[in-house]
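User: Got a minute to walk through this one with me? I'd like to start with what counts as buried.

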Amino acid sequence: MLEFAILGLLQQSSMHGYELRKELAQLLGGLRSISFGSLYPALKRLHAAGYIATAAPDPKALLPADAPPLTGRRGKIVYTITAEGKERFHELVSQTGPEAYDDGGLFGVRLAFFRHTAADARLRILEGRRRTVERQREGLRASLARTRERLDRYTLELQRHGLDSVDREVRWLSELIDKERLTEHERRHSPGPDEDRPPDPSVKPSAEPPSDPASTS
């Protein structure tokens, strides 16, 4: 998930390590904390695979004022995605199997880069995620039905809260799927660039050719 997110961010623009860490924290939110101890090994693996390149640090370059004091010189190195990295990222965003949606954390990262994903792949990932969450919901319902009588009211409320959260996710996914299908339907049935175009008022219709006097004599 971390390496996929790094490639996705570098696909948009080159960054130095501190910028990457800050963007990753915003992207992943509460899913996981990103430390330099996990970021730089991931960058090293991507660099060894040829997916990213590094530019030598500029001694005059300054980090943002809010950069931590221990960021040091290494934070000034600029990381750029390579052609191989772009191919790898395209390969990853094209995956629509369970690895793209079974894990909620990875699904969230995939969703953040949906603008780079083909429409049919987006729909398959959303539908796969909904199936996964629906299975989770059925499991929670079955567990609640079996153990309802043995649970104290606090544990019961906790399980109900979990079930409500899953219900909300199913509804949210269904809304996304409906919007995706509507967008795809409109795209397929939208007129071409030269269809249904209103006439240009600046272009006057050509005058009828004069009649041949010989034909009227």
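Analyst: Sure. Buried means under 20% relative accessible area, and exposed means over 50%. Keep in mind that this is a predicted model.

User: OK, so is Arg137 buried or exposed?

Analyst: Arg137 comes out buried, because its relative accessible area is 16% and the cut-off is under 20%.

User: Where does Arg137 lie, and what is it in contact with?

Analyst: Arg137 lies in helix 6, which covers residues 119–147. Leaving aside neighbours within four places in sequence, Arg137 is in contact with Leu163, Val166, Asp167 and Val170.

User: Switching to helix 5: which of its residues are buried?

Analyst: In helix 5 (residues 104–112), the buried ones are Gly105, Leu106, Phe107, Val109 and Arg110.

User: And what covers them?

Analyst: The cover includes helix 1 (2–12), helix 2 (17–28), helix 4 (83–93), helix 6 and helix 7 (153–189).

User: What caps the N-terminal end of helix 5?

Analyst: That's Asp103, with a side-chain oxygen 3.0 Å from the backbone nitrogen of Gly105.

User: Now the strands. How do the side chains of strand 3 point?

Analyst: They alternate along residues 78–81. Tyr79 and Ile81 point to one face and are buried, while Val78 and Thr80 point to the other and are not.

User: Which residues stand opposite Val78?

Analyst: His16 does, and so does Ala55. Strand 1 (residues 15–16) pairs with strand 3 in the antiparallel sense over 2 bridges. Strand 2 (residues 52–55) also runs antiparallel to strand 3, joined by 4 bridges.

Terms used:
Residues are numbered from 1 along each chain as its sequence is written. This is a predicted model: local features need pLDDT of at least 70, side-chain atom pairs count only at pLDDT 80 or more; totals for chains, interfaces and linings use all residues. Side-chain values use heavy atoms; hydrogens and water are left out. Buried means under 20% relative accessible area, exposed over 50%, partly exposed in between (1.4 Å probe, protein chains only). Contact means heavy atoms within 4.5 Å. Two strands pair if DSSP finds at least two bridges between them. A polar contact is a pair of N or O atoms within 3.5 Å; within protein, one must be able to donate a hydrogen and the other to accept it, and residues adjacent in sequence count only if both atoms are side-chain atoms.
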